[in-house]
Every structure is written in C-alpha cells, then in structure tokens.
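Visitor: I am new to this structure. Please give me a close look at the aromatic rings and their surroundings, and then place them in the whole.

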Amino acid sequence: MPEPTNPEPVGAEPTTPTPASRPSTPATTPVDEVTEINPDVDIAPEDIGVPVVAEGERLLEVDTVTLRFGGVVALNEVSFHINKGEILGLIGPNGAGKTTCFNVMTGVYQPTSGVVRYLGKPLGKRHKFQITKLGIARTFQNIRLFANMTALENVLVGVDAHHTTGVVTAMFRLPKHRREEEQGRARAMELLEFMGLDGKADELARNLPYGDQRRLEIARALATSPQLLCLDEPAAGFNPAEKVKLMELIRTIRDQGYTVLLIEHDMKLVMGVTDRIVVLEFGRKIAEGSPAEIRDNPAVIAAYLGVDEEDAS
C-alpha cells in the first residue's frame, strides 16, 4: 500500500490539509457530468457489536455542554438531542460554535462542563478512535483524504476500524486475516459503487474531481459502519447541480438505516433535507424546531441578518 501523505487514522485531525483538500477553484462540473449515486446498492450499517436503539429513540444527547478556551466561551450550556433515523441540521452564523460542537461530540475536545451521551451512556474521555468504534463517524469541512492513496485504499482505512486481527495474524496471513481482508474489500467496493465511484477505485484521491473527493470522504466515514454520521459542510465548493445530488445522497443514506447530523451554510439545502434544525449563535442555542419553524423564527432571522429580534418579527 502506498505511503499516505498524512497517515492519521479515521477521525483524526491532521495539522495541515492534504493536497486533495485544496482545490484551486470551486467545482464547476456541468449538470450532465455530476457523479450519479446508485441508491439500489445495499450499504446498511453492519453489526459492530454495539446496542442499536429503536427508530425515533434518542441516539445522542448533548446535555448543557460548556467549552471554554481560557477566557473565551466557545459553547455555553448547549443542549439538544438526535433521534435515531432522522436528519438533524446544526446551523448558525460564522463563529457560532457549530464545528466546535462537532469536535466535542467526536472526542477532539473535552467539555469544560456538561456531558455528551451516546446510547444513553456518557462518552466521557474516550479517544477519537474509541468513539469511532462506538458508531460515530464524521467528515471535515476541509477534505481530509489520504491524497497519495487510491479511492479504494481510502475506504479500506475506514473498514479497518473494526478489524480484530493483530500483527502476528496479519504478518503470517492467517485465515482470519485473509477473511477480514476479503470481506473488507467487498464492503469498500459496495460503498464506492453506491457513490458512483467504483470505476475510479484505482485512481489516486488527489486526482479525483473535487465533488468525487467529497463523496469519497463520506464513503470512508460510512465504511466504519456508524449509527451516527456527522457531515461538516459537505456542500462547500459545490455548484447548484452538485448540491441537488448531495441532498439526494443524504436522504438515501438516511433511508438505508443511518442517522445524520449536518452542519451546512447553504440554507436551501438545510431546509430541503433536514427533519429538525438546531441553531447556534455565539456558542448558545437560540432555536430548535422543524425547518418551517426555524425559517420564521425572529431570533434566527436576527442572527443571520444582524438586526434586533423586534425588528425581525
């Protein structure tokens, strides 16, 4: 396997973005060239040995979470929950604390106070890879692929998160290792086919079009068989045609058995794909409700337009 340029495990935060994460210009793919997904491919989450809550039950809870960096309060007693099987939007103006909240939920930061519960149990001080094994996966605002690895190899990194063979088993290529390797490769190819990328399995990630890099990063996250998929601004750099396809992709992922948490600035996309929305401003939750309720909420209008709530109502 080629040596990756940034060999961090899935869920890690590289200190510098890879070449694959720095497109020179935003995507301008014509409508007829947007990669089509294959929604009939079965990519339902695999059994990774953790409890599965019933549809509609609370999957994750953020309970009065506060995060301070010195004298700066990045999150101020934020509370919300995510139900199994829904698409929840987390929105707010720049600097509202959305990605910081993601980072608390995925183990990058430990909250100063409050607690994050997953499947009813506190995440505590688990490491990022342990949270991945529990069933929470994420993508990043800036694409973080292994640029010098192929599309297939990138997805195999995600599949490997739940492999149990050790160094000795792999070194001597014992039956258990070969079996996991074959099953992992089949799973990775299913995800690439679902994303419409199976014909590009052997291409280096850095050589893929920008939109395909975004889809590949989602495929790698899905390869960890998460119950909760957290997408951090997946439409960044997309043209209108690609955003329409992204909405279709997110709905299809949910229909295949995943729960989705979405951070996104494109309000048309958020309003068109989410079931509920939570709104942050300056690290505080200012609103929560259906897309229709959020669209008409004076506090939300004021936050985005920079006017007083009374003027917005």
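Guide: Start with a charge and a ring: Arg 144 lies over the face of Phe 140, at 4.6 Å from the ring centre. A charge sits over a ring if NZ of Lys or CZ of Arg is within 6 Å of the ring centre and within 35 degrees of the ring normal. This is a predicted model, in which local features need pLDDT of at least 70 and side-chain atom pairs count only at pLDDT 80 or more, while totals for chains, interfaces and linings use all residues. Residues are numbered from 1 along each chain as its sequence is written, and side-chain values use heavy atoms, with hydrogens and water left out.

Next come rings that meet rings. The structure holds two aromatic pairs. Rings of Phe, Tyr and Trp (its six-membered ring) pair if their centres lie within 6.5 Å; planes under 30 degrees apart count as stacked, over 60 as edge-to-face and the rest as tilted.

One pair is formed by Phe 69 and Tyr 109: the ring centres are 5.2 Å apart and the planes stand at 75°, so this pair is edge-to-face. Phe 69 belongs to strand β1 (residues 58–69) and Tyr 109 to the loop between α1 and β4 (113–118), so the pair ties together parts 40 residues apart in sequence. Helices (H or I, at least four residues) and strands (E, at least two) are DSSP runs, numbered from the N terminus. Phe 69 is partly exposed, with a relative accessible area of 40%, and Tyr 109 is partly exposed as well, at 28%. Buried means under 20% relative accessible area, exposed over 50%, and partly exposed in between (1.4 Å probe, protein chains only).

In the pair of Tyr 210 and Phe 238, the ring centres lie 6.3 Å apart with planes at 90°, so this pair is edge-to-face. It links distant parts of the chain: Tyr 210 is in helix α6 (residues 210–222) and Phe 238 in the loop between β7 and α7, 28 residues apart. Tyr 210 is buried, with a relative accessible area of 14%, and Phe 238 counts as buried at 7%.

The loop that holds Phe 238 also holds Ala 236; it runs between β7 (228–232) and α7 (240–255). Ala 236 is partly exposed, with a relative accessible area of 22%. Not counting residues up to four places away in sequence, Ala 236 touches Tyr 210, Arg 214 and Glu 264; contact means heavy atoms within 4.5 Å. The C-alpha atoms of Ala 236 and Glu 264 are separated by 8.2 Å, with these positions 28 residues apart along the chain.

Helix α6 (residues 210–222) spans the position of Asp 212, whose side chain is joined to that of Thr 35 by a polar contact of 2.6 Å. A polar contact is a pair of N or O atoms within 3.5 Å; within protein, one must be able to donate a hydrogen and the other to accept it, and residues adjacent in sequence count only if both atoms are side-chain atoms. Thr 35 sits in the segment before β1 and counts as buried at 13% relative accessibility. Leaving aside residues up to four places away in sequence, Thr 35 touches several residues, including Met 195, Leu 197, Lys 200 and Arg 215.

Back at the Phe 69 pair, strand β1 also contains Thr 64, which has a positive phi of about 45° although it is not a glycine. Thr 64 is partly exposed, with a relative accessible area of 38%. On the Tyr 109 side, helix α1 (residues 98–105) has seven of its eight residues buried, so it is largely enclosed by the rest of the structure. Among the buried residues of α1 are Cys 101, Phe 102 and Val 104. Gly 107, with a positive phi near 85°, follows α1.

Finally, the whole. The protein comes to 11 helices and 10 strands. Of its 313 residues, 51% count as buried. Among contacts between residues at least 6 apart in sequence, 72% join residues at least 24 apart. The mean pLDDT is 86, and 82% of the residues reach 70 or more; pLDDT is the predictor's confidence in each residue, from 0 to 100. Over residues 1–32 the pLDDT is below 50, and beyond near neighbours in sequence this stretch has 62 contacts in the model.
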